[in-house]
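Colleague: Please take a close look at the part of this model that surrounds the ligand, and set it in the context of the whole chain.

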Amino acid sequence: MEPRNQDPNFISLVSDCAATQCKYNESHQCTAGQIKLVFFEGKPECGTYTDEEEDTN
Ligand code: SF4
């Protein structure tokens, strides 16, 4: 059995998010469906984050 972090079918859920200004954040729960992780200055961050006040969609 492959370790979870190497299994391409493994899905992890975001159970709690502190970025309450993100348009996908509802009561600390992520509603994006899926997110993209990016690395910024060597640390993982959410690349799907969208400021609800700056979003024009
Ligand atoms: S998209 Fe990213 S920043 Fe926004 S609520 Fe989901 S996990 Fe948090």
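Modeller: The protein has 4 strands and 0 helices, where both kinds of element are DSSP runs numbered from the N terminus, a helix being H or I over at least four residues and a strand E over at least two. Read from the N terminus, the order is β-β-β-β. This is a predicted model, in which local features need pLDDT of at least 70, side-chain atom pairs count only at pLDDT 80 or more, and totals for chains, interfaces and linings use all residues. Residues are numbered from 1 along each chain as its sequence is written.

Around the ligand lie Val14, Cys17, Ala19, Cys22, Tyr24, Asn25, Cys30, Ala32, Ile35, Cys46, Thr48 and Tyr49. A residue enters this shell if its C-beta atom, placed from the backbone, lies within 6 Å of the molecule. The shell divides into 10 nonpolar residues, 2 polar and no charged. In this division Ala, Val, Leu, Ile, Met, Phe, Trp, Tyr, Cys and Pro count as nonpolar, Asp, Glu, Lys and Arg as charged, and the others, Gly among them, as polar.

Cys30, one of the shell residues, is found in strand β2, residues 29-30. Cys30 is buried because 20 other C-beta atoms lie within 10 Å; the cut-offs are 20 or more for buried, 12 or fewer for exposed, and partly exposed in between, with C-beta atoms placed from the backbone. Of the 57 residues of the protein, 4% count as buried. Leaving aside neighbours within four places in sequence, Cys30 is in contact with Val14, Cys17, Tyr24, Asn25 and Ile35, a contact being two C-beta atoms, placed from the backbone, within 7 Å. Each of these five names also appears in the list of residues around the ligand. Cys30 and Ala18 are 12 residues apart in sequence, and their C-alpha atoms are 9.6 Å apart.

The loop between β1 (25-26) and β2 holds Ser27. Ser27 is exposed because it has 7 C-beta neighbours inside 10 Å. Its phi is near 55 degrees, a positive value in a residue other than glycine. Most residues other than glycine have a negative phi.

Cys46, another member of the shell, stands opposite Leu37 in the pairing of β3 with β4. These two strands run antiparallel and are joined by 4 bridges, β3 being residues 37-40; pairing requires at least two DSSP bridges. Val38 stands opposite Glu45 in β4. The two strands form a hairpin with 2 residues between them. Glu41 lies in the loop of that hairpin and has a positive phi of about 55 degrees although it is not a glycine. Glu41 counts as exposed because it has 5 other C-beta atoms within 10 Å.

Asp51 is found in the segment after β4 (43-46). With 10 C-beta neighbours inside 10 Å, Asp51 counts as exposed. Beyond four places in sequence, Asp51 is in contact with Gln21 and Cys22, and Cys22 belongs to the shell around the ligand. The C-alpha atoms of Asp51 and Tyr24 are separated by 8.8 Å, with their positions 27 residues apart along the chain. For the protein as a whole, residues 24 or more positions apart account for 37% of the contacts with a separation of 6 or more.
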